[in-house]
Each structure stands twice: as structure tokens, then as C-alpha cells.
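Okay, thanks for coming, everyone. I'll put the chain up and then walk you through a few spots in it.

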Amino acid sequence: MERGSFLSFCFLDLGVYLACTGLESERVSPSSSCHLSRASQVEAAAPRSDQLTVNRSLFCCAQVNLFVMASTMASGLHFATARPNVSSSHRALRLGATILGYDSKVASWAKLASACHLSCMLPFRGISSSSGLKSAKPVTKAMSEDSQSKPSSGLPIDLRGKRAFIAGVADDNGYGWAIAKSLAAAGAEILLGTWVPALNIFETSLRRGKFDESRVLPDGSVMEISKVYPLDAVYDNPDDVPEDVKTNKRYAASSKWTVQEVADSVKQDFGSIDILVHSLANGPEVTKPLLETSRRGYLAAISASSYSYVSLLKHFIPIMNPGGSSISLTYIASERIIPGYGGGMSSAKAALESDTRVLAFEAGRKNKIRVNTISAGPLRSRAAKAIGFIDMMIEYSLANAPLQKELSAEEVGNTAAFLASPLASAITGAVIYVDNGLNAMGVGVDSPLFEGLDIPKAKH
């Protein structure tokens, strides 16, 4: 609000009082009194006794209105001494007088007087927003207790006009799919990269409508996928592909599926992207303890689960718009012991988190790209079921996490949408935990050792 606005409101309440008491001809300038004639005519037509009642009621309302406005403004503003804005105050004065005389033919003075303590406030709210007194700078409005109970526009995540490439989506029940949905719900265009051996099944399921129900977005619309690319992020370019893979029947029907080729195809088809999501992980010996993991199995886990992110970012950065965002998925096994999560996968996740920090520095300095990773809790996805103990991990999380509820893929998807949005413009190089707080726990509180403690539990 401008400096003269508060004084204008004061003049408005003064005008209300003058109009009610019939003193406008003595207290205002000739240029203003002509606008009060309508209120004066109504006042003259009213009985003297009723007029006195109304005058007192309206003046009381004017006082209350002034007090509320002054209190509200004083609580959040620092006032500066300034000369009154004469033109603005005169305009507000004229508006106040006009409103007082507006409904004289409809409501009796008695009714107006009896309802004054409520209804007289409404016109003044209209004046405060329509009097033309607007701040030259945008302001953030603090909500009062009354306004907090009313619907507000909120702080939306707006990704309209942005394009996202999500690598590692092969079905509709994993984190990659959930991230795609959240990005689409925020307005982003969706491109997918699907592992070559799973491509045919995935595209067939899309065509036959198998995923139609899970494509529905919160507003009732359906997620549109602009294009699905075959992708095997283990191979950077065609020269890296072994002959036995090239001739494999699962690969034979597809082409241009190495990281470099996919980036080139996206550039040719769409020009650029704004968001890159790495939702890839694979450890051929994941069920083996680390001491029983072969060098080949260990390096395969690192290659598919960690270096693949470095490769994706390296090849996609040239087509990413400045200010873009890149996101990967990690797991608490990177820093805590999770028996059963072996085969070098814990090492791969630790490498991924370390790479996230280094990539954030390099991509941020060179290309203004933000790089973050989400440490997601256990999810009953098709990929996780291959490990063999996902149900046990979900039960453990329910028993020990601060928030005793099962994690949903949507919660991870929404976090990714936030990280990809301008709302997270200062967040990079971070590991964001989305696991109901399980990462914060130092012990498992479901242990028999803690039976004697009064540990709070969720009420179901």
C-alpha cells in the first residue's frame, strides 16, 4: 500500500461521519460537497429521531472500520511521515458518500441502522481494493486468522513450457512413472527412456490402455507421453556395444539406443529439454553379500546405477536449457548397512551421492544446471521385488520411522516436481530424504530391548 493510502482511508471514514451528521457543507471543500448531495437528500427525507439513531450507528461503524484498518496495517507495516495525498483522499471521500446514499430507496433507515455494525464494513472493503491506490512493487500479503480459513491460490509448482526426459521407466508402478506423472501434472511435456529389452512390452501396454487408469492426473486429465525412446544407459555410444548385445534378439528390433544416440535423437525431435531424471539401477549380483560379489558384478552395479547418471548428464547437458534441473534416485544403503542389499549396490548408491555433489558444482558453474538426488524409502515396485525382501523393509519402516505410514510413489514424484521447479532454484548438490524420516533413526525402536520404554505409536 502507498504511503498516502492509509491517510486516504482516514479521510474516507471522516467523510462517512460528516455525511451522517449533516456537516459536510461546513467541513469539506466545495468540490467535494457536490458529491455528497445524494446522501444529504436521503438524510433530509428521514425522520429526525431515526436520523439521529442512524447517524450514531454509522459513525460507530466508521470508527470500527478505521480501527480495524489501522490495527491491521500497524501490525505489519512501518509508517513514514508524509503529506496527505489530497487527490486520493478526495476520491475516497466521494466514494464513501456515494455508497451511503446508494440503497436509500430499498432499505429503510431503521434496517440500515440495525445492520450497520455488519454491513457497513462491506462497502469499505470494496473501496480499499478499487480506489486505485496500488503499490508500485509486488508484495507478499500476510493472511489474518479470518483469511486463513478461506481458499487461497497457494504456491503452485508451474512447469508449463518445460520438457522433461525421464530415463528408466518400464512400467507404471515405480518411482520413474510417479515422477513423470507429477511433472506432467505441473505442466511439463514428458519424454521417456525405456530399457531396450522392456520397450516392446511397455509400448504395447500403453497402446492397449493397460496404463490408462494410472495415467490419470489429479485434475482428471490424462498424462500424455510425447515419445518413448529405447535406451540402455550402460553404453555411451555404438562403439561401446559388444557384438553379442548388438545381435541379441531383444535389441535387434531397436536402433539408436545408446546414451549419445538418444540425446541426439531428442535434440533432433524436440531441440532441447529442461529436466533430466535418472531412475536407473541394476546390480546383477544384488542378492550376494559384498564379500561374495565378483569384480564383474560389482563393476556392473557401478556402471548401471552410478556412472550411467554421469553419462546421461554429460550427453544431455548440451541440449539442456540454462536453469534446468537434473534429478536421480538413491537409497539409504549408501550410508547405512542394509543386509541383503548387496552385489555392490550400496557402493553404487554411495558413488551416486558423491557424484551428485561434484556434478552440481561442474554443471552449475558451466551450464547453470542444478543437480540433486532423492533418497527414497522402500516401495513395493516390480524392480524392488526382485531383491526379495522389500516387504520386510516396508514393515520395518512402518514400525520404526517417525511417520508410521507406507510411503507412496506419488510423494517421491511430488518432491521431484518441486526440485525441478523454480521454487527450488537455490537447491543443488543435495540429498533429499523422502522416507517418512527413517533416515533420522539411530536404532530400530521395534526391538525387544525397547519394550519397557513408552515409545509413541501411531493411532490407526
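Ser254 is buried, because its relative accessible area is 19%, and buried here means under 20%, with exposed over 50% and partly exposed in between, using a 1.4 Å probe and protein chains only. You'll find Ser254 in the loop between helix 14 (249-252) and helix 15. Leaving out residues up to four places away in sequence, Ser254 touches Val196, Leu199 and Pro230, where contact means heavy atoms within 4.5 Å.

Some housekeeping before I go on. This is a predicted model, so to speak of local features we need pLDDT of at least 70, and side-chain atom pairs count only at pLDDT 80 or more, while totals for chains, interfaces and linings use all residues. Residues are numbered from 1 along each chain as its sequence is written, and side-chain values use heavy atoms, with hydrogens and water left out. As for elements, helices (H or I, at least four residues) and strands (E, at least two) are DSSP runs, numbered from the N terminus.

Staying in that same loop for a second: Lys256 also lies between helix 14 and helix 15. Its phi is near 55 degrees, a positive value in a residue other than glycine. As a reminder, most residues other than glycine have a negative phi.

Now follow the chain into helix 15, residues 259-270. This helix lies across strand 1 (163-167), strand 2 (189-195), strand 3 and strand 4 (273-278), and runs at about 155 degrees to strand 3. For angles, axes are lines fitted to C-alpha atoms, for helices over the stretch in contact, and the values run from 0 to 180 degrees between N-to-C directions.

What does helix 15 cross at roughly 35 degrees? That's helix 16, residues 295-316, and the two axes come within 9 Å. The crossing is right-handed, meaning the near helix is turned clockwise from the far one, whereas anticlockwise by less than a right angle would be left-handed. On the helix 15 side the contact uses Val259, Gln260, Val262, Ala263 and Val266, and on the helix 16 side Ser311, Leu312, His315 and Phe316. Sorted by class, that's 6 nonpolar, 3 polar and no charged residues. The classes go like this: Ala, Val, Leu, Ile, Met, Phe, Trp, Tyr, Cys and Pro are nonpolar, Asp, Glu, Lys and Arg are charged, and the others, Gly among them, are polar.

On to the sheet. It's an open one, with 7 strands in the order 3-2-1-4-5-6-7 and parallel pairing; two strands pair if DSSP finds at least two bridges between them. At the edges sit strand 3 (225-231) and strand 7 (431-434), each pairing on one side only. From one strand to the next, the twist averages 20 degrees.

Let me zoom in on strand 6. How many bridges join strand 5 to strand 6? There are 6, between residues 320-330 and residues 370-376, running parallel. Ser328 has Thr373 as its bridge partner, and Ile327 stands opposite Asn372. Strand 6 is mostly covered, with 7 of its 7 residues buried. Both faces are covered: Arg370, Asn372, Ile374 and Ala376 are on one side, with Val371, Thr373 and Ser375 on the other.

Is Lys368 buried or exposed? Exposed, because its relative accessibility is 60%. Lys368 is in the loop between helix 17 (345-367) and strand 6, and this is another non-glycine with a positive phi, about 60 degrees.

Back to the loop between strand 4 and helix 16, where Thr293 sits. Thr293 counts as buried because its relative accessibility is 16%. Its C-alpha is 7.8 Å from that of Gly342, although the two residues are 49 apart along the chain. Again skipping residues up to four places away, Thr293 touches Glu285, Lys288, Tyr298, Gly343 and Gly344.

One more helix. In helix 11 (residues 175-185), 9 of the 11 residues are buried, including Trp177, Ile179 and Leu183. Just after helix 11 comes Gly187, with a positive phi of about 110 degrees.

Finally, the whole-chain numbers. We have 20 helices and 7 strands, and 43% of the 460 residues are buried. Of the contacts between residues at least 6 apart in sequence, 79% join residues at least 24 apart.
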